[in-house]
2 protein chains.
Amino acid sequence: MNMKRVIETINEAYPISSETEQALKDSVTECHFPKRYQLIKAGAYSKCAYFIEEGMTRSFWLVNGEEITTSFSYEGGIVFSMDELYYNKVSEEFVETLEDVVAYRISVERLLELFRTNIELANWGRIIHQNEYRRLHRSHKERLTLSAGDRYEAFKQQFPQVCQRAQLGYIASYLGITLSTLSRLRGAKK
Amino acid sequence: MNMKRVIETINEAYPISSETEQALKDSVTECHFPKRYQLIKAGAYSKCAYFIEEGMTRSFWLVNGEEITTSFSYEGGIVFSMDELYYNKVSEEFVETLEDVVAYRISVERLLELFRTNIELANWGRIIHQNEYRRLHRSHKERLTLSAGDRYEAFKQQFPQVCQRAQLGYIASYLGITLSTLSRLRGAKK
DNA sequence: GATAAATTTTGACATAGGTCAAATGCCGTG
DNA sequence: CACGGCATTTGACCTATGTCAAAATTTATC
């Protein structure tokens, strides 16, 4: 099993020992998904989290018939349903692949067990939540202080890969603006 | 030392043993702050986190001369500078008391050591970050899908105590609307 | 309990970004 | 290499919320 990028990314967040690495490897199953596949469906228990080795996904809500993208994940990232992992509730969020994806699946149950029993992974879990929290915090600040155009610029800076690999509509809804507005902003830009 | 509400709140997030409780108690110092005291100043290392036993605080950014409230904390909560705790950087966030406050101070260094060595606290740390992440996630969703008025209603529902104890301007900036707009909304409400 | 200071309400007007619909461009499939 | 379907751009118009400033109300101070 070649979890190269996943392990690399975990070690960047919180270095883990080779035993922990092995425990993790023993807990996952490799899986492959085509482009546009619904990895996690709202209203259904998936009971799994996925470490992404290759490809990109987006998470989104469906609110009043509209899709609102809440995050993009790619090589080294992890996706799961917050509602399931945190609160043992049915997911309200969808995750779909934007490209062909190679991922490692772990059951939510096993992941929680690892958190409870392995202090390295408990700390890794804490750190990735810190990081995500900070990303949201930052985007919250940007939303309150920057114009739509400046937010797009900031997004391009922060997530250049996503900008290239995801289509406009998804980025617009992530930024909380309309597809037409975003398109206009790009047009206005010299 | 009576850390009643703090300990209660920790146990709600992730139950800890009495040994862990004692380790925590041995690591903190009780302190008292008057109303309107700057607990954490931007641009200065405070090197401390505070468990709040009594009273309320708000955290905010100062952007272009404007204060943007990012969160309120009260009995049982913990406040700290994300930049210091996570990234060993000088804080960009202020925290000030809105009431007289009784808190328990712990050095950031000691808190991180506890995370590294005590699996219960590592998991507690993970859980509170999950919860905060979820709060932000939710407010992000509300900002994208609800009108200013509906967001205020949602806020009242979710944080009734804060609504009563914090002044309008702080709530307005938390919700990302103007003081005048919020005041109008309240007026319009039958 | 009067005066000052802070907070909240209200008014008149401005504007960023939304809405809806049409037009154009692009790219994979047969 | 042409067709069909997405994806993007553009146009005309609209509305929720912002801005700035003054008035009213509440709260704190002596």
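In the predicted model, one aromatic cluster is formed by A:Phe72, A:Phe155, A:Phe159 and A:Tyr174. Aromatic pairs number 22 over all chains. In one of these pairs, the ring centres of B:Phe33 and B:Tyr50 are 5.8 Å apart and the planes stand at 80 degrees, so the arrangement is edge-to-face. This pair links distant parts of the chain, with B:Phe33 in strand β1 (residues 29-33) of chain B and B:Tyr50 in strand β3 (residues 48-54) of chain B, 17 residues apart. Both B:Phe33 and B:Tyr50 are buried.

A tilted pair is made by B:Phe155 and B:Tyr174, with 5.3 Å from centre to centre and 50 degrees between the planes. Because B:Phe155 belongs to helix α6 (residues 148-158) of chain B and B:Tyr174 to helix α8 of chain B, the pair ties together parts 19 residues apart in sequence. B:Phe155 and B:Tyr174 are likewise buried.

Charged side chains also lie over aromatic rings. The charged end of B:Arg58 is 3.9 Å from the ring centre of B:Phe60, over the ring. A:Lys41 lies over the face of A:Tyr37, 5.9 Å from the ring centre.

Around DNA strand C there are 17 residues, of which A:Ala148, A:Thr181, B:Gln167, B:Ser183 and B:Arg184 come nearest. The surface near the strand comprises four nonpolar, nine polar and four charged residues. Phosphate oxygens of DNA strand C lie 2.5 Å from a side-chain N or O atom of A:Thr181, 2.9 Å from a polar side-chain atom of B:Gln167 and 3.4 Å from one of B:Arg186. Two or more residues each are given to this surface by α9 (179-188) of chain A and by α8 (168-175) and α9 (179-188) of chain B. The most, five residues, come from α9(B).

Key. Residues numbered from 1 in each chain as written. Chains lettered and ligands numbered in written order. Predicted model: local features only at pLDDT ≥ 70, side-chain atom pairs only at ≥ 80, totals over all residues. Heavy atoms only, no water. Near = heavy atom within 4 Å. Polar contact = N/O pair within 3.5 Å; in protein donor to acceptor, adjacent residues only side chain to side chain. Helix = DSSP H or I, 4+ residues; strand = E, 2+ residues; numbered from the N terminus. Nonpolar A, V, L, I, M, F, W, Y, C, P; charged D, E, K, R; others polar. Phe/Tyr/Trp six-rings, centres within 6.5 Å; stacked < 30°, edge-to-face > 60°. Buried < 20%, exposed > 50% of the residue type's maximum accessible area, 1.4 Å probe, protein only. Lys NZ or Arg CZ within 6 Å of the ring centre and 35° of its normal.
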